[in-house]
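Hi,

Here's the structure I promised to pass on. Have a look at it first, and then read my notes below.

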Amino acid sequence: MVKRVWRKMDVANGVVTLLCILLVAAVVDAGESYCVVYGSEASWAEKHAAEEFSLYGEKITGIRVPVYASDSEQWKAHNKVILVGSPDSNPSIAQLIGNDAFNTLKTDRDGFIQKSLENEKQSFLIIGGLKPRCTVYAVYNYFERFCDVGFFEDGEYVPRRGTQL
């Protein structure tokens, strides 16, 4: 059984509801291990979003989170999993939440979702969008909102935080 975690938050236009403020760490610590998983049917943009999550996690923590395709068995050994993409491209997202959460985004052509869930064995942070580019937006939005990363015309600001994102 999947349990919804954390608190609800409204995004700027109120179209998307977030169910996450999941702290993720980029280090195997106290028996916890983290990874990023993109779908086996992922587009270039969704793969890029997964790599960007890992890259910015490394910039913040100094340790890179491994990135796997969903058809790899390696990610199943991790107990903290960041799933990137949509139910159409990532079967793991489809299995956990189906299309229901993404159907609420249909009124916003650039809609995305950030949602945390857990089951008996693993905790998940789902980051995805209606379109592949929206998944990239979702990753950058996550780092701006929850990790204080700033993206500016003349560069970026990435704080160092030890092992917590």
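How much area does the protein chain expose, and what share of it do carbon and sulfur atoms supply? The exposed area is about 8,300 Å², and carbon and sulfur atoms supply 49% of that. Keep in mind as you read that this is a predicted model.

Now the overall layout. The chain has 165 residues, and 52% of them count as buried. You'll find four helices and 10 strands. Starting at the N terminus, the order is β-β-β-β-α-β-β-α-α-β-β-α-β-β. If you take the contacts between residues at least 6 apart in sequence, 64% of them join residues at least 24 apart.

Strand S6 (residues 80–84) is a nice place to zoom in. Five of its five residues are buried, so the strand is mostly covered. In a regular strand, the side chains alternate between the two faces of the sheet. In S6 both faces are covered: one side has Lys 80, Ile 82 and Val 84, the other has Val 81 and Leu 83, and all of these are buried.

What does S6 pair with? Strand S4 (residues 34–38) runs parallel to S6, joined to it by five bridges, and Val 37 stands opposite Leu 83 there. S6 also pairs with strand S8 (residues 123–129), again in the parallel sense and over five bridges. In that pairing, Val 84 stands opposite Ile 127.

Next, try Val 67, which sits in strand S5 (residues 67–69). Is Val 67 buried or partly exposed? Its relative accessible area is 22%, and buried means under 20%, so Val 67 counts as partly exposed. Leaving out neighbours within four places in sequence, Val 67 touches Val 36, Tyr 38, Ala 50, Glu 51 and Ser 54. Its C-alpha atom is 9.3 Å from that of Ile 82, a residue 15 places away along the chain.

Two of those contacts, Ala 50 and Ser 54, are among the buried residues of helix H1 (residues 44–61). Others on the buried list for H1 include Phe 53, Tyr 56 and Ile 60. You can check the length of this helix yourself: at 1.5 Å a residue, its 18 residues should span 26 Å, and the end C-alpha atoms are 26 Å apart, so the two agree. Right after H1 comes Gly 62, which has a positive phi, near 90°.

That's what I have for now. Enjoy exploring!

Notes:
Residues numbered from 1 in each chain as written. Predicted model: local features only at pLDDT ≥ 70, side-chain atom pairs only at ≥ 80, totals over all residues. Heavy atoms only, no water. Helix = DSSP H or I, 4+ residues; strand = E, 2+ residues; numbered from the N terminus. Buried < 20%, exposed > 50% of the residue type's maximum accessible area, 1.4 Å probe, protein only. Contact = heavy atoms within 4.5 Å. Areas by Shrake-Rupley, 256 points an atom, 1.4 Å probe, with all protein chains shown as cover. Pairing = 2+ DSSP bridges. Expected span 1.5 Å × (residues − 1).
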